[in-house]
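Biologist: I would like a close look at a single part of this protein, namely the surroundings of the second ligand. Please take me through that part in one connected account, and set it in the context of the rest of the chain.

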Amino acid sequence: MAELVFFTGTMDCGKSTLALQMDHNHAARGRAGLIFSKHDRAGQAMLSSRLGLAREGIEVTDDLDFWDLVTEQATNGRRVDYLICDEAQFYTPDQVEQLARLVDEMGLDIFAFGITADFRAQLFPGSRRLIELADRTEVLQVEALCWCGKTATHNARVVDGVMVVEGDQIVVGDVGDGEDEDEAAGSDGQVGTPVVEYEVLCRRHYMRRMTSHAALAASPTPEVLPFDLDLCPVPQR
Ligand SMILES: Nc1ncnc2c1ncn2[C@@H]1O[C@H](COP(=O)(O)OP(=O)(O)O)[C@@H](O)[C@H]1O
Ligand SMILES: Cc1cn([C@H]2C[C@H](O)[C@@H](COP(=O)(O)O)O2)c(=O)[nH]c1=O
């Protein structure tokens, strides 16, 4: 039975890796699939994983119509059994409805991958529609961790080292690598432009805007714990 499945989790929990694995497994059994992504960090029309694997695919622009694209393929005699749809949080609600229609009327399996909520802890419109329409929503088993060691549930945006809760919903970027913000280059590669990074946090630390950087600043040594930090370990430098 064809399905629309939404695989979700925080940033950096392995969604794109799973997307590539699912494509590999289905293709290995002779099934014909198409790969889609939108705003992947590796560039246009790419599906990339932090484990180093990447595949070319089709870039989902706002005017792409999944129904038209797949039915055109079928008309031209090209079989399509499944779609891999990465960064699906960026798809429009209409595109998610097209995906559901392809499952119901064309019998395609559709595997969508994406984060549910943005840096303000509000649902992306595409993810909301996926949760509403998917046959199944699966939270990935490999959990990303907050600096305190708890399971991360939220995606924080950090600009020049400070967590922010206002700004554009879409800013493509990666989780931080601990680089010194004073010397880091901005997204255009220029020193001096804002450095936008993400950090996954548990809800407790998201609500307190307590990123690893803020926690370290608040507690210079493990012996001197600030308010309530005694409930969690101090992040390692
Ligand atoms: N050097 C590494 N060794 C082992 N696993 C890694 C390494 N780098 C990244 N990973 C794994 O890859 C995951 C991120 O995979 P990715 O598919 O890019 O995530 P997502 O698409 O959810 O943002 C990390 O949670 C981690 O499990
Ligand atoms: C929280 C949040 C994230 N983004 C962007 C940042 C990345 O480019 C992607 C998520 O990719 P991943 O493979 O899951 O790491 O989404 C954004 O634009 N806005 C946000 O609020």
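Modeller: The domain bounds used here come from an automatic or database domain assignment, and the model itself is predicted. On that basis the protein is divided into domain 1, residues 4-139, and domain 2, residues 154-231. To the contact between them domain 1 gives 12 residues and domain 2 gives 13 residues; the side of domain 1 that touches domain 2 consists, by class, of six nonpolar, two polar and four charged residues.

Ligand 2 has a shell to which both domains contribute, with at least three residues drawn from domain 1 and at least three from domain 2. There are 16 residues around ligand 2, and those that come nearest are Met11, Asp118, Phe119, Asn155 and Val172. Among the secondary-structure elements, helix α1 (15-28) and strand β9 (154-159) each supply at least two residues of this shell. By class, the shell around ligand 2 has seven nonpolar, four polar and five charged residues.

Ligand 1 offers a useful companion view, since Met11 also appears in the list of residues around that ligand. The stretch Met11, Asp12, Cys13, Gly14, Lys15, Ser16 and Thr17 is found there, together with Ser49, Arg50 and Leu51, and with Val142 and Ala144. The shell around ligand 1 is made up of five nonpolar, four polar and three charged residues.

For the wider context, the helices α2, α3 and α4 can be followed through their pairings. The axes of α3 (residues 93-106) and α4 (residues 125-133) come within 8 Å and cross at roughly 30°; with angles under 35 degrees counted as roughly parallel, α3 and α4 are therefore roughly parallel to each other. The crossing in which α3 passes α4 is right-handed. Pro93, Val96, Glu97 and Ala100 of α3 make this contact with Pro125, Gly126, Arg129, Leu130 and Leu133 of α4, and by class the participants are six nonpolar, one polar and two charged residues.

Helix α3 is also paired with α2 (residues 66-75), where the two axes come within 8 Å and cross at roughly 40°. Here Phe66, Trp67 and Val70 of α2 meet Gln95, Gln98, Leu99, Arg101, Leu102 and Met106 of α3, and the residues of this contact divide into six nonpolar, two polar and one charged.

Notes. Residues numbered from 1 in each chain as written. Chains lettered and ligands numbered in written order. Predicted model: local features only at pLDDT ≥ 70, side-chain atom pairs only at ≥ 80, totals over all residues. Contact = placed C-beta atoms within 7 Å. Nonpolar A, V, L, I, M, F, W, Y, C, P; charged D, E, K, R; others polar. Near = placed C-beta within 6 Å. Axes fitted to C-alpha atoms, helices over the stretch in contact; angles between N-to-C directions. Helix = DSSP H or I, 4+ residues; strand = E, 2+ residues; numbered from the N terminus. Parallel < 35°, antiparallel > 145°, perpendicular 65-115°, else oblique. Left-handed = near helix turned anticlockwise from the far one by under 90°.
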